[in-house]
Amino acid sequence: MTNVFIFIGAKQDFNNFLLEQDVDDSALKFLDLIRQYNELIRAANVGFLDAENLFAKSDKEEVENCVVRAGDYASVLEHVVTNFTQIITMAHDIENLYLHNPPKRIIETLESEFHSRIDYSYSKYKEINKENLKEVSNHLNSFVVGQIDAKRKVLSGLYRLSNKKDSKPVVMLFQGPSGVGKTELAKALSDYLGGSLLRIQFSMMQTNEASNYIFGDQHSKSSFAKDLLQRESNIVLLDEFDKVHPNFYNAFYEIFDEAKFTDLNYTVDVKNCLFILTSNFKNQKEIIEKIGMPIYSRISMNIHFDELNDAEKKEVISRSFEEVISTLSSEEAEIIGNLKMKQWFIENVSEYDNIRLLNSKIEESVYDILTSRLLNDD
């Protein structure tokens, strides 16, 4: 092996990295390599320990580029990860090996044999600085209705993130009732930074499976660390953090204090990351009673979200109808317009408190009407 390139970060960034290196679809795929290796082993009727003597250097297939993607590790058995270097070099002479987010065991074996030939690259996340805070503010306003105080506090937190000297994450706790814009604001921030939001839902995190997800299990299983590695922006939403079991808090001490996270298979760098924790807490006293002072003291900002007033809900209705109508044909849009559905929702706005449910009800009503018209016409 001549060169080893290890890329840590988002899938799209890895794909762009391969393009920069002029690596195209002709590169040998890792799973094809493993398939070839298995066929040779079966044909020789030997086990792994005896297979190393099967191939002289002159017998090996010469490969210019081999690509190992993040999802590939989950498709192979544990012994492939444990014996990674021996297996990929046993029957192949690889000039350039490209790996995306490899587990720690693979990195350790590669470092022991090819240390001087390993080149590391990382996703470069777009940063928010104080010079573009007005632009961020306009972007948030275009996505999130109302919540003026909450948005201002978020901008203050971003100013703080851009101005602080250390690289520890900023942790914002969004508190308030469901369906008033907490998740939407996090999505808007991530959208501004050019990536899909990494959203981890903790409402189901009460089981052994949840423990395995957070602290790591077999490399083939999904995990918190894997998801963090592949985040597309430096914003992470920990949804319904009020439902996290206290047994899992140790993981967050490490993240919030040391800007890294280590589980059984991976180590993740989360420097300068913004963690947004959503909750339905009503006040500070309730927060501290539920999660305790050790976690609460690590939260940089506690941001309250209010119920929307009727004027703000009317704006939500207008935006929701515009979005739904934009997906319809002119004939369908005319049907909905003639029925004055938007006006009906505006007149009955006080019946709705949850934005998410309101948007869902509008979309459901529009398509119920269109379906009924279609069936009646037929």
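Asn212, Gly216, Asp217, Gln218, His219, Lys221, Ser222, Ser223, Lys226, Asp263, Asn265 and Tyr266 form the lining of the largest cavity in the protein. The model that holds this cavity is predicted. Sorted by class, the residues around the cavity comprise seven polar, four charged and one nonpolar. Tyr266 is among the lining residues, and Tyr belongs to the nonpolar class in this scheme. The charged class takes in Asp and Lys, and the lining includes Asp217, Lys221, Lys226 and Asp263. The volume of the largest cavity is about 30 Å³. With 30 Å³ or more as the cut-off, the count of cavities is one. Empty space of this kind is found by rolling a probe the size of a water molecule over the atoms.

The chain as a whole gives the setting. Its 378 residues include 48% that count as buried. Along the principal axes, the C-alpha atoms fill a box of roughly 80 × 60 × 45 Å. The secondary structure of the protein chain consists of 18 helices and twelve strands. Contacts between residues at least 6 apart in sequence are for the most part between distant positions: 82% of them join residues at least 24 apart.

Five of the strands make up an open sheet, in the order β7-β8-β11-β6-β12, and their pairing is parallel. The edges of this sheet are β7 (198-201) and β12 (301-304); each has a single partner strand, so one side of each lacks a neighbour in the sheet. From one strand to the next, the twist averages 20 degrees. In general, the strands of a sheet pair through backbone hydrogen bonds, and the pairing may be parallel or antiparallel.

The pairing at the β7 edge can be followed residue by residue. Strand β8 covers residues 235-239, and four bridges join β7 to β8, the two running parallel. One residue pair to look at is Gln201 and its bridge partner in β8, Asp239. Gln201 is the last residue in the range 198-201 given for β7, and Asp239 likewise closes the range 235-239 of β8.

A single position in a helix completes the tour. Ser320 lies in helix α15, which spans residues 310-325. Is Ser320 buried or exposed? Its relative accessible area is 8%, and the cut-off for buried is under 20%, so Ser320 counts as buried. Beyond its neighbours within four places in sequence, Ser320 is in contact with Asn359 and Ile362.

Key. Residues are numbered from 1 along each chain as its sequence is written. This is a predicted model: local features need pLDDT of at least 70, side-chain atom pairs count only at pLDDT 80 or more; totals for chains, interfaces and linings use all residues. Side-chain values use heavy atoms; hydrogens and water are left out. On a 1 Å grid over the protein atoms alone, a cavity is a set of points where a 1.4 Å probe fits but cannot get out, and a pocket is an open set with protein on both sides within 12 Å along at least five of seven lines; lining residues have an atom within 4 Å of a point. Grid points are joined across faces, edges and corners, and a volume is the space filled by probe spheres set on the points. Two strands pair if DSSP finds at least two bridges between them. Axes are lines fitted to C-alpha atoms, for helices over the stretch in contact, and angles run from 0 to 180 degrees between N-to-C directions. Buried means under 20% relative accessible area, exposed over 50%, partly exposed in between (1.4 Å probe, protein chains only). Contact means heavy atoms within 4.5 Å.
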